[in-house]
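The following note sets out points for discussion with a colleague. Please read the numbered paragraphs alongside the coordinates.

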Amino acid sequence: MRSFKLCTCGAPLEFREDATPQPAGTEVLLRVLAAGVCHSDLHLSEGYFDLGGGKRLSLADRGMKLPLILGHENVGEVVAVGPQAQGVRIGARMLANPWIGCGACAVCRRGEDNLCRSMRSLGVFSNGGYADHLLVPHPRYLVDIGDLPAERAAPLACSGVTTYGALKKVAATLRDEPTVIIGAGGLGLMCLALHRAMGGKAAIAVDIDPVKREAARRAGAHAVIDGGAADASQQIVDATGGGAWAVIDLVGSSATARLGIDSLIKGGKYVIVGLYGGDITLSLPPFPMRAIAVQGSYVGSVIEMAELIDLVRRTGLPPVPVATRPLADVNAAMAELRAGKVVGRVVLLP
Ligand SMILES: [Zn+2]
Ligand SMILES: [Zn+2]
């Protein structure tokens, strides 16, 4: 099996050839058809998240062990199954849900693997899909994509379910009030598309980059706002008719968190998804007095992944621009993403 492995944090991924793993127990072996490159692969390859104030969250401390094959947005074809893997057909084209918990605790039994305290996520804590083969521990983490194109379906595994999970957290106002989406990169365009597929009223996209604002406008945003403008918060308040009921922050920096929370209406909710990093200080009285909510959202549950694929098979694939490149270009693709040069998604083909 050929793969690109993270061997040293901060260094390029290294090409390796190893024996192809054989599935045991409930495991399923996929031949990788497509693997999306996600912004969090950059954090993983650097080995830390920025906590602000000079503090770092080390991924080694959280259980990431090297060498590791990155890649958590994978579609593959089933080529072998373990003796206890039930209900999977050789040749089926499957999206691999990478957000895998221990599988045994009460949280996992509810299908909320993404909140398990012992996660084994593919491409994060166990080997992912920057390879020609991928081992998945159980059929419950596979979703049949039917005849959806592999390179268009792969980003649903992270970009898709992450934005779907965030949109579900503001479902109470989704159809009746505008939703503000901060960040119009790959995640933002996916969020805009799913917002529409879910029957959302109007989406207001915020980004500091005019190219990304224009992409958001073409993707159907009701309004676009320059998040770097001195009066950005007032512009959001005006565009939402008095303040936002729902802000989804796909950037997650000190500046965007401040902007998102300042733009809320009484009773509004700020959902933070992005892992750019930083910190902010908040006055406490406005929380009860304005009855605002701040909620973090981490990827999505096993149930949300199944709901998402069902939604996409009914309403069509999100029209997010996808560029394909050979797997061998993985380091160049990550460098371009780091430089902010990618509009939409890059998907690697082995
Ligand atoms: Zn991701
Ligand atoms: Zn668990």
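1. The zinc ion (ligand 2) is bound by the SG atoms of Cys-102, Cys-105, Cys-108 and Cys-116 at 2.3 to 2.4 Å. Donors here are N, O and S atoms within 2.8 Å of the metal (3.2 Å for Na, K and Ca), and since water is not among the atoms, sites may look incomplete. The sequence spacing of these donor residues is C-x2-C-x2-C-x7-C.

2. This is a predicted model, in which local features need pLDDT of at least 70 and side-chain atom pairs count only at pLDDT 80 or more, while totals for chains, interfaces and linings use all residues; side-chain values use heavy atoms, with hydrogens and water left out. Residues are numbered from 1 along each chain as its sequence is written, chains are lettered from A, and ligands are numbered from 1 in the order in which they are written.

3. The arrangement at the zinc ion (ligand 2) is tetrahedral because its four donor atoms subtend angles of 103 to 117°; the criterion for four donors is that all angles lie between 85 and 135 degrees. Cys-108 is buried, at a relative accessible area of 0%, whereas Cys-102 is partly exposed, at 30%. Buried means under 20% relative accessible area, exposed over 50%, and partly exposed in between (1.4 Å probe, protein chains only).

4. For the zinc ion (ligand 1), the protein donors are Cys-38 (SG), His-72 (NE2) and Cys-158 (SG), at 2.0 to 2.2 Å. His-72 belongs to the loop between β6 (68-69) and β7 (73-81) and Cys-158 to the loop between α3 (150-153) and α4 (159-169), so the pair ties together parts 86 residues apart in sequence. Helices (H or I, at least four residues) and strands (E, at least two) are DSSP runs, numbered from the N terminus. Both His-72 and Cys-158 are buried.

5. In helix α7 (residues 210-218), the buried residues are Lys-212, Arg-213, Ala-215 and Ala-216. They lie on the same side of α7 because they cover an arc of only 160° around the axis, the arc being that of the directions from the helix axis to the C-beta atoms. Pro-210, Val-211 and Arg-218 are exposed on the other side. The cover over the buried residues includes α6 (186-197), β12 (203-207) and β13 (223-226).

6. Gly-183 occupies the loop between β11 (179-182) and α6 and is buried, with a relative accessible area of 7%. Beyond its neighbours within four places in sequence, Gly-183 is in contact (heavy atoms within 4.5 Å) with Gly-188, Val-206, Asp-207, Leu-250 and Val-251.

Conventions: Four donors count as tetrahedral if all angles lie between 85 and 135 degrees; four count as square planar and six as octahedral if opposite donors are over 155 degrees apart and all others between 65 and 115; anything else is irregular.
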